[in-house]
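Let's take a walk through this one together. Have a look at the fold first, and then we'll go from the whole chain down to a few side chains.

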Amino acid sequence: MPSRGTDRDRFPELFDQTSVDPRSRIRKVEMQVMVIGMMRTGTKSIKAGLEQIGFHNVYHMTSAMKNPKDCEMWTQAFNAKFHGKGQMLTRKEWDQLLGDCDACIDVPTAAFMPELIEAFPNAKIIVSMRDPDKWYQSLMATVGKRSFTVKLLLLGIFDHFFLRKFNPCIRAMMTGMYGNDLKDEEYVKKRYLEFHEEVRQLVPEHKRLEYHLGDGWEPLCKFLGKDIPKAEFPFINESKEYGERITLIEKHAVSRVIRNVAPVAGVLALASVYYFGLLSRW
């Protein structure tokens, strides 16, 4: 399924953003499926596949983009688990953060599989991996190239609605999961493998599915007890989308900053006119 349509169609999480305090939520549906699928492993395609077979709200990094206040809770979780700061989320807080979701995939949830397995013991577990070498190349060509630019950093100072919340979350996540230097290929790939192996140690083989994006519908539907759709398994070109999404994030942040600064600039301009008018009279 190639990417097509308008930007609003393809990136609704950046156009229809909300500002809901996640701590106001309660669990509404049972968590049924949790996928340890890291970024750059086809998670958008698998998410689309899960939605196509009947899962209604699959939490993904785009979910945090849609409601930026989620990022603040995720930052708390990353800081507690990986940086020794603060308290890890409780079961009640996991319910608040993920309470309206019946499935989850991608980061940030993939970084907390042990905690989520404990919180939601009845959920089915899917381990979705990609060849570590190809994964690392894709990571560096996307996240490594576009997620930590000076432009995003500066915009984060002024864009209070989104980037002020999103940037710290991404930094806490990436440094916590993969260290301070993404260019350390050996260490980053080692950590990538460790996250998946940790889940294998926690979940017996007969209770989990080892899934690769090219496996299609059959193993996924059989494991989840779903009918196989007649349509082909969805495919989303995530590498192409990633760059386009970051460009939109920058564009929208600039627009918000201009909107926020314009009234202040107007007041300063009027004040200047008034001030210099008084001077000229004096």
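Helices here are DSSP runs of H or I with at least four residues, strands are runs of E with at least two, and both are numbered from the N terminus. Keep in mind that this is a predicted model. By that count, the protein chain has 13 helices and five strands. Anything between such runs goes by its neighbours, and R130 is a handy example: R130 sits in the loop between β4 (124–128) and α8 (132–146).

Now step back to the whole chain. Its C-alpha atoms fill a box of roughly 85 × 45 × 40 Å along the principal axes. Of the 282 residues, 49% count as buried. Take the contacts with a separation of 6 or more: 79% of them come from residues 24 or more positions apart. The chain exposes about 14,600 Å², with carbon and sulfur atoms supplying 56% of that.

What about the inside? In soluble globular proteins, nonpolar side chains tend to be buried together. Here the largest nonpolar core has 63 residues, and the members touching the most others are M34, M38, W74, W94 and Y178. Helix α10 (residues 163–178) gives this core its largest share, nine residues. There is also a second, separate core of 18 residues, which includes V35, L220, L224 and F233.

Follow W94 for a moment. Leaving out residues up to four places away in sequence, W94 touches a long list of partners, among them R27, W74, F112, E115 and F120. W94 is also one of the buried residues of α6, alongside E93, D95, Q96, L97 and L98. That makes α6 a mostly covered helix, with six of its eight residues buried. The cover over those buried residues includes β2 (58–59), α5 (69–82) and α7 (113–119).

Stay in α6 (residues 91–98) and move along to Q96. Is Q96 buried or exposed? With a relative accessible area of 8%, Q96 falls under the 20% cut-off, so it counts as buried. Setting aside neighbours within four places in sequence, Q96 is in contact with P22, R23, R25 and M73.

Back to R130 in its loop. R130 is partly exposed, at 32% relative accessibility. Which residues does R130 touch, not counting those up to four places away in sequence? They are R40, T41, W135, S138 and Y192. With R40 there is a specific detail to look for: the R130 side chain reaches the backbone oxygen of R40 at 2.7 Å. R130 also lies 8.9 Å from G37, C-alpha to C-alpha, although the two are 93 residues apart in sequence.

Charged pairs come next. Side chains of opposite charge can pair when their charged atoms come close. The count in this model comes to 23 salt bridges. One of them joins E250 and R146, with the closest N and O atoms 3.7 Å apart. E250 lies in helix α13 (residues 238–281) and R146 in helix α8, so this pair ties together parts that are 104 residues apart in sequence. The E250 end is buried, at 9% relative accessible area, while R146 is partly exposed at 21%.

Other pairs stay within one helix. In α13, E241 and R245 are four residues apart, about one turn of the helix, and they form a salt bridge with the closest N and O atoms 3.6 Å apart. Both partners are buried, E241 at 5% and R245 at 8%.

Helix α1 (residues 7–10) holds a similar arrangement: D7 and R10 are three residues apart there, again about one turn. Their side chains meet in a salt bridge at 3.8 Å, N to O. D7 is partly exposed at 36%, whereas R10 is buried at 13%. Beyond the pair itself, D7 and R10 are linked with K240 and E244 in a network of salt bridges.

Finish on the surface. V150, L154, I157 and F158 make a nonpolar surface patch of about 400 Å². One of these, I157, lies in helix α9 (residues 150–158). I157 is partly exposed, with a relative accessible area of 41%.

Conventions. Residues numbered from 1 in each chain as written. Predicted model: local features only at pLDDT ≥ 70, side-chain atom pairs only at ≥ 80, totals over all residues. Heavy atoms only, no water. Buried < 20%, exposed > 50% of the residue type's maximum accessible area, 1.4 Å probe, protein only. Contact = heavy atoms within 4.5 Å. Polar contact = N/O pair within 3.5 Å; in protein donor to acceptor, adjacent residues only side chain to side chain. Patch = residues over 30% accessible without salt bridge, like charges linked within 9 Å, V, L, I, M, F, W, Y side chains within 5 Å. Areas by Shrake-Rupley, 256 points an atom, 1.4 Å probe, with all protein chains shown as cover. Salt bridge = Lys/Arg side-chain N within 4 Å of Asp/Glu carboxyl O. Core = buried A, V, L, I, M, F, W, Y, C linked by side-chain atoms within 4.5 Å.
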